[in-house]
Amino acid sequence: VQLQAFGGGTVQPGGSLRLSCAASGSYYSITSMGWYRQAPGKQRELVATITRGGSRNYADSVKGRFTISRDDAKNTVFLQMNSLRPEDTAVYYCNAYKYSLNYWGQGTELTVSS
């Protein structure tokens, strides 16, 4: 599985942004896909995941602000981020979980700053 993430940038606090992650390979064998992030000096942390069946899981810090979705026709997962905060600043990584293996995209950077 190869993953390519798009959509990072610089946004003001309170703004919105949508990340996209396009998967190539055996998309329908993927158990779940999601987004993780890593802020400077911190460990990578889960942001949101969505299973093949559509079940979603969010980090407490983003609940009510972020929405993960998928378009299976386009082999793509999205992360809609609203009400962004400076603490959301990080490199965001797309993840796919398949046959007990984790696959990672190259990361896309989000900066939330006024």
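Partly exposed here means a relative accessible area between the buried limit of under 20% and the exposed limit of over 50%. With a value of 36%, Glu45 is therefore partly exposed. Keep that scale in mind for the close-ups below, which come from a predicted model.

**View A. Arg37 and Glu45 meet in a salt bridge.** The closest approach shown here is 2.8 Å, N to O. The two partners sit in unlike surroundings: Arg37 is buried, with a relative accessible area of 5%, while Glu45 is partly exposed at 36%. Take a moment to look around this pair, too. Through shared partners, salt bridges link Arg37, Glu45, Arg65 and Asp88 into one network.

**View B. Two further salt bridges involve Asp60 and Asp72.** Asp60 pairs with Lys63, and their closest N and O atoms are 3.1 Å apart. Asp60 itself is exposed, with a relative accessible area of 65%. Asp72 meets Arg70 at 3.0 Å, N to O. Here Asp72 is partly exposed at 28%, whereas Arg70 is buried at 19%. The count for the structure comes to 5 salt bridges.

**View C. Tyr36 and Trp104 form an edge-to-face pair.** This is the 1 aromatic pair that the structure holds. The ring centres are 5.1 Å apart and the planes stand at 75°, which is over the 60 degrees needed, so the pair counts as edge-to-face. Tyr36 belongs to strand 4 (residues 32-38) and Trp104 to strand 10 (residues 101-104), so the pair ties together parts that are 68 residues apart in sequence. Trp104 is partly exposed, with a relative accessible area of 37%.

**View D. Arg44 lies over the faces of two rings.** One is Tyr93, with Arg44 at 3.8 Å from the ring centre. The other is Trp104, where the distance to the ring centre is 4.6 Å.

**View E. Strand 9 and strand 10 form a hairpin.** Strand 9 (residues 90-98) runs antiparallel to strand 10, and 4 bridges join them. Lys98 stands opposite Leu101 of strand 10. There are 2 residues between the strands, and Tyr99 takes a positive phi near 50°.

**View F. Leu79 is one of the best-connected residues of the largest nonpolar core.** This core has 29 residues, and Met33, Trp35, Leu79, Met81 and Tyr92 have the most contacts inside it. Strands that each supply at least two of its residues include strand 1 (2-6), strand 5 (45-51) and strand 11 (108-112). Among the residues that Leu79 touches are Leu17, Trp35, Val47, Phe66, Ile68 and Tyr92.

Notes: Residues are numbered from 1 along each chain as its sequence is written. This is a predicted model: local features need pLDDT of at least 70, side-chain atom pairs count only at pLDDT 80 or more; totals for chains, interfaces and linings use all residues. Side-chain values use heavy atoms; hydrogens and water are left out. Rings of Phe, Tyr and Trp (its six-membered ring) pair if their centres lie within 6.5 Å; planes under 30 degrees apart count as stacked, over 60 as edge-to-face and the rest as tilted. Helices (H or I, at least four residues) and strands (E, at least two) are DSSP runs, numbered from the N terminus. Buried means under 20% relative accessible area, exposed over 50%, partly exposed in between (1.4 Å probe, protein chains only). A charge sits over a ring if NZ of Lys or CZ of Arg is within 6 Å of the ring centre and within 35 degrees of the ring normal. Two strands pair if DSSP finds at least two bridges between them. A nonpolar core is a set of buried Ala, Val, Leu, Ile, Met, Phe, Trp, Tyr and Cys residues joined through side-chain atoms within 4.5 Å. Contact means heavy atoms within 4.5 Å. A salt bridge is a side-chain nitrogen of Lys or Arg within 4 Å of a carboxyl oxygen of Asp or Glu. Lists of a residue's contacts leave out its neighbours within four places in sequence.
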